[in-house]
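Please load the coordinates in a viewer and keep a selection panel open. The tour below proceeds from one selection to the next and states what is found at each stop.

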Amino acid sequence: MDGRISTPTKTMEILKKYDFHFKKSLGQNFLIEPSILDKIVSSAKIDETVGVIEIGPGIGALTQKLAEKAGKVVAIEIDQRLIPILEETLAAYRNVELIHGDILKISLNELLSNQFSEFETIKVVANLPYYITTPIIMSLLEQKLQIASITVMIQKEVAERILAKAGGKDYGTLTLAVDYYAEAKIVMQVPKTVFVPKPNVDSAIIQLKIRKQPPVQVEDENFFFRVIKASFAQRRKTIINNLIHNLFGKDKKEQLEILLKSIDIDPNRRAETLNIGEYARLSNLLVKTVE
Ligand code: SAM
């Protein structure tokens, strides 16, 4: 199709035609390298049986490529100034629905039932606005939407936190929360040069395959995440100190020490050394024993 815009020249032509100025506050770094757009689409494994939710279509470079492969694409863009541009760049694609809105405010469950009722497989694909990478990923995961995977460009530093191994400085609440809901992998690292304007940070494409079952059995999910959050509140403190200062109170110190030892967790370990299985054991024990 010759209305394709995934080249630097075409992108510049469109931006000029509409006198569009980037808003840094909306994380507007548009992709101008066709091979990277192709890589996002191919790694997401999109075909006509798949419905796609795209977050932040920008001027529609990724949207066009997704629409060529998917059964349907619903693209959600917050910036009103981009809507007329998208109406032009996506005019030839009959399977695209454009929504002007904020991904963090839209009811995605409603969107799934209204827009994708005839699709069994729904995937999220995006070059995310980096100022809200974590809130977007966590909101997609926590809502337990009926989606198969999330394939997104994000800042490399956040990708490293998501994929970190226990024991390292990047390992933390984000690692554990994502691991609970999804299997994560890095598709590829991406240099700054494939965006306009160039972002200040390096990027990576990651893929989260949504788990059908969590990797650990947790009796109270809410409490499980509260234990994790409290444990990491001050990374240099021991787990016992974090738990008494941020969740239970000093008077529970002795009881907690005994309980931790009873499940083979040394109270003097630091939060970053515990794996997800240990957090599950810990929270399952504490939820029924400590008030
Ligand atoms: N997909 C385009 C591309 O790859 O060239 C643009 C990606 S750009 C990194 C992020 C896009 O997300 C921008 O178009 C921005 O306006 C949009 N955006 C920012 N915050 C948003 C929000 N809360 N909801 C929906 N879109 C948002």
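In what follows, a contact means heavy atoms within 4.5 Å. Helices (H or I, at least four residues) and strands (E, at least two) are DSSP runs, numbered from the N terminus. The model is a predicted one, in which local features need pLDDT of at least 70 and side-chain atom pairs count only at pLDDT 80 or more, while totals for chains, interfaces and linings use all residues. Residues are numbered from 1 along each chain as its sequence is written, and side-chain values use heavy atoms, with hydrogens and water left out.

**The whole chain**

Begin with the entire protein chain, whose C-alpha trace spans about 70 × 40 × 30 Å along its principal axes. Colouring by secondary structure shows twelve helices and nine strands. Of the 291 residues, 51% count as buried; buried means under 20% relative accessible area, exposed over 50%, and partly exposed in between (1.4 Å probe, protein chains only). Among contacts with a separation of 6 or more, 69% are made by residues 24 or more positions apart.

**The two domains**

Next, select residues 8–210 as domain 1 and 221–289 as domain 2; such bounds come from an automatic or database domain assignment. The C-alpha centres of domain 1 and domain 2 lie 35 Å apart. Their contact takes 13 residues from domain 1 and 14 residues from domain 2.

Now select residues 36–212, which an unreviewed UniProt entry annotates as "domain: Ribosomal RNA adenine methylase transferase N-terminal". UniProt positions are given in the numbering used here, feature names are shortened, and annotations may be inferred rather than shown by experiment. Over residues 36–212 the chain is 33% helix and 28% strand, and the end C-alpha atoms are 29 Å apart.

**Helix H8**

Select residues 173–181. Why is helix H8 largely enclosed by the rest of the structure? Seven of its nine residues are buried, so the surroundings enclose most of H8. The buried residues are Leu174, Thr175, Leu176, Ala177, Val178, Tyr180 and Tyr181. To see what covers them, add the helices H6 (133–142), H7 (156–162), H9 (221–231) and H12 (276–289), which are included in the cover. The strands S7 (182–190) and S9 (203–210) also belong to the cover.

**The largest pocket**

Three of these elements return at the next stop, together with strand S5 (121–127): S5, H6, H8 and S9 each give two or more residues to the lining of the largest pocket. On a 1 Å grid over the protein atoms alone, a cavity is a set of points where a 1.4 Å probe fits but cannot get out, and a pocket is an open set with protein on both sides within 12 Å along at least five of seven lines; lining residues have an atom within 4 Å of a point. Grid points are joined across faces, edges and corners, and a volume is the space filled by probe spheres set on the points.

The largest pocket has a volume of about 500 Å³. Of its 19 lining residues, select Leu145, Ile147, Ile210, Arg211 and Lys212, which lie nearest the centre. The lining has ten nonpolar, three polar and six charged residues; Ala, Val, Leu, Ile, Met, Phe, Trp, Tyr, Cys and Pro count as nonpolar, Asp, Glu, Lys and Arg as charged, and the others, Gly among them, as polar.

**The cavity**

The structure holds one cavity of 30 Å³ or more, and the volume of the largest cavity is about 380 Å³. Which residues lie nearest its centre? Gly56, Pro57, Gly58, Glu77 and Asn127 do, out of a lining of 30 residues. Strands S1 (30–31), S2 (50–55) and S3 (72–77) and helix H3 (61–69) each give two or more residues to that lining. By class, the lining has 19 nonpolar, eight polar and three charged residues.

**Backbone details**

Most residues other than glycine have a negative phi, and most peptide bonds are trans. Select valine 196 and proline 197: a cis peptide bond joins them, with omega about -15 degrees. Proline 197 is in the loop between strand S8 (195–196) and S9.

Move to lysine 45, in the loop between helix H2 (34–44) and S2. Lysine 45 has a positive phi of about 50 degrees and, at 59% relative accessibility, counts as exposed.

End at lysine 144, in the loop between H6 and strand S6 (149–155). The phi of lysine 144 is positive, near 50 degrees, and lysine 144 is partly exposed, with a relative accessible area of 46%.
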